[in-house]
Each structure stands twice: as structure tokens, then as C-alpha cells.
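Hello,

As promised, I am passing this structure on to you. Have a look at it first, and then read my notes below.

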Amino acid sequence: MPTGLFDARAVIEAVRDRRATVEGVAAFAAGLADGRVTDAQAGAFAMAVLLNGVSEEVRVALTRAMRDSGDVMRWDLPGPAIDKHSTGGVGDSISLLLAPALAECGAYVPMVSGRGLGHTGGTLDKLESIPGYGVEVTEARFHALVAEVGCAIVSATGRIAPADKRLYAIRDVTGTVESVDLITASILSKKLAAGLDALVLDVKVGSGAFLPSVQQAQALAHALVSTANGAGCKTSALITDMDRPLALTAGNGLEVAEVMDTLTGRAVTPRLVDLTCALGGEVLALCGLADDAGQGAGRIRAALDSGAAAERFGRMVAAQGGPADFVSRYADHLAPAPVIRDVPAPHAASVVRIDTRAVGTAVVHLGGGRMKGGDAVDPRVGFSALAAPGDAVGPGAPLARVHAADDASAERAIAALQAAFVLGEAPAPVPLVQERVA
Ligand code: URA
């Protein structure tokens, strides 16, 4: 559509009236990037897409136009450029383990990550709890980091999918995150712009996922896999359990500490290792660095168990401006919260169910996420030692420990967490990886 004729309102009306066109959404994406679309129009567009959905053809066009709203990278490296992306969860710190483990297996990992969105945490916010760690780098520096270290985790520069950068921040504060079409376009615009050879997607299902039902997760996984493969990037997806926080912590610095405990072998959280291996195995097989996903998973486990992934993580932190001794002294570098308290269980029983979205929202309300665009995030706050379904709780066995900036926010978080846990008879265990979509 020629610049002079672009009419953002007409595109919004078309989506509102279920007659969205490929040309219209493509022009809208360009307008997001170059400023011809206002924030109000972007919010209305997102809400119309969320409420009505768009056809596959329009979704693919939106994804492509958002990718092409900025630079599309090319890599000239001695190994494949690969990555993983999650649709968003609570306590999901897998990227921090997986990026260095994949690099140990001979891959290059140019990871373009996001910030917290809605009730979910974001990899960039987690990394910024490491003093000095810089996520905003130029594209030239990103290339140099990936070539030198094997992995780098950065924010989309202004030149990578700028249309998504803008829409992502607007969706975060307008209740428009939960849409298969918008999540697909958002994730893949960045990932396809990163010039990847292969990609594995972690599609969350359950109460902490943006799209909680199995049917929605399957629809999202299929949309992501078909759009990415259609655009020339070998991609598969695992649908994984987000009916509970992924591991034992939720909150930026607390999750980094849990990752470091696991990477260094000081206190391993098995679910972090298991999911890292499952996702890593998939993408190593996709890019040809493993014969199959099982063999790939074994290679990832070896990289984690040997401490090589920890050492590589330390190199990445130092290269991106963090402390050179982070791996050996992470506990000294991560700031503690001023108030740390147990969250008592109201009575003795087993954990039956967790409203995981409520746990994520409680972290946001503690200051660990954003209520509106531009809010500062407190890296110290959140929950640790989170009980899981099947765990016995009661006197001496709390639901979790809260880390808060002050007494009042700790009290509110304790009440929110108690309301999020349903106690009773122990339920049947739920598998971590529920389905593979290829
Ligand atoms: N992650 C993204 O990058 N975008 C979304 O919309 C959801 C998760």
C-alpha cells in the first residue's frame, strides 16, 4: 500500500468487521514501526485481532511484515544458528540454561528475548538482575558476541522487528496478550529476523499459560510450527506443563539464583534440567547436530552435568558486562530482598492445584513485573521454595517463601499465594512434556 494511502483506522475497522486483508495488516505492521500508527490505534488493532482472530493467510502476512519491519540477520558461522522460544510462563528460566548448553554442543545461539509480559516473566528482566549485564547491544556487537562466546541473549535492537517491539509493549498493558495470532506474529517476527537455521518452541499449557487450554495450546503450536517452517526455518514445538510454576522460584533474581544453583550442581532443580534437555535435544536434531532428539538430549545433559554450560554462561555474562566472577560468586552479586517470610499453609494437606497465573500476578504486584509500560522492575522480589502439586504442606511445611520490598507487600503476596493454592488429596502426577508438534 503506498505510504500516502495508508489509513490505520480502515485496517482496524476491517479487523473489527472480520474482513482483514493481507495488504492491510502488512501496512499496519509497517506503520507500527515507522510511527504512522498511534498507540491508541495499536491497542485497538490488538483488541480487534484478539476478539475476532484472523485467517492463517493474514496471520502469516502479519508475521512476515513484522519480521520485515526491521533488519533480517544473516550469519556466517562454523555451526548452525539455532534458538528456542517459550510462549511465556511463570518461573520459566530455561533460556538461561539452554543457550550455553547448546553452545557447548557446537551450535551458535543468537537469542533475541523479551521482557515480562502480563503475568509472565521475561528473560531480559531476569538477566538484568545480574549487575552490569547489558541486554541492549548493537547488531554488530550482537554478531561479535555470538561468534566469540557461542551464545548471547539480548533485547531486540531497534532494528530487529521494531513493529513487534512496539506492539508487545502495548499488548502488555491493554489486556491483548492472549491471542494465537498475535503471539505467533510476535514470537516469529523476532525469531525469523534473527536468521535462524532451526528453532524449537516451548508452548505452555495450563493455568499459567497465556492460552491455558490444551486445544488453544495445540492451535498455537500448530500455528507457530507451520508459519515458521513455511518461512524456511526448521521448527518443532513441545507442549509443556504450565499448570504450576516451572521450578521452585518465580521472580527475576531468585530465578537466576536457581539457574546458577542448577548449573553449578550446588542444588539441582530436576525439572529445569529435564525441560532443558528435552528442548535442546529437539533443536539439536533439527539442525543436524544430533541424530535424533534423544541423542541431542543426552548431549545437553552432559554439557550441564560437566559444568561446561556453567562456565559458558559465565563467559556470556562477562562478555555482556556482568561480573567476571559471577559463576563462583553469584550469591554475592544478586541483591536480596529486605523482607523474606514463609507463606504458611492454612492447614495440613497435599497441594492439589495451583492457579499459576495468580502466582505470576502476585510476583508482578510485588514489583517483579510491570503494571504499566516503563515501570521499573525490582529484581529482588518473588517467591522461592514453591510447593508443587502432590507436595505435603502444613505446619513447618509452608507453601513458599516470599521475598518482598516491604512488610505491606509481603502481606499482600502471602494472601494472594494462599488463595492461589488448592489443598486436599494428592493428585496424579502430570507429565512435564505433554506433546510434540512437528
Ligand atoms: N513471547 C513473545 O515474544 N511474544 C508473545 O506475544 C508472547 C510470548
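**The ligand and its surroundings**

In this predicted model, an N or O atom in the side chain of Arg171 lies 2.8 Å from an oxygen atom of the ligand. Two other side chains are worth finding on your screen. Lys190 has a polar side-chain atom 2.7 Å from an oxygen atom of the ligand, while Ser186 places a polar side-chain atom 2.6 Å from a nitrogen atom of the ligand. The protein buries 97% of the 240 Å² that the ligand exposes when taken alone.

Which cavity does the ligand take up? The space it fills is the largest cavity. Two elements, α8 (162–172) and α9 (180–193), each give two or more residues to the shell around the ligand. The most comes from α9, with four residues. Besides the three residues above, the ligand is surrounded by His85, Thr87, Leu117, Tyr168, Ile183 and Ile187. By class, this shell has four nonpolar, three polar and two charged residues.

**The largest pocket**

Please look at the largest pocket as well. Its volume is about 350 Å³, and 19 residues line it. Gly114, Arg115, Lys165, Tyr168 and Ala169 are the ones nearest its centre. Here α8 gives the most to the lining, with five residues. The lining divides into seven charged, six polar and six nonpolar residues. Tyr168 is one to click on, as one of the residues around the ligand and also among those nearest the centre of this pocket.

Enjoy exploring it!

Best wishes

How values were computed. Residues numbered from 1 in each chain as written. Predicted model: local features only at pLDDT ≥ 70, side-chain atom pairs only at ≥ 80, totals over all residues. Heavy atoms only, no water. Near = heavy atom within 4 Å. Polar contact = N/O pair within 3.5 Å; in protein donor to acceptor, adjacent residues only side chain to side chain. Areas by Shrake-Rupley, 256 points an atom, 1.4 Å probe, with all protein chains shown as cover. 1 Å grid on protein atoms, 1.4 Å probe; cavity = no way out; pocket = protein on both sides within 12 Å on 5 of 7 lines; lining within 4 Å. Sits in = over half its atoms within 2 Å of the grid points. Nonpolar A, V, L, I, M, F, W, Y, C, P; charged D, E, K, R; others polar. Points joined across faces, edges and corners; volume = space filled by probe spheres on them.
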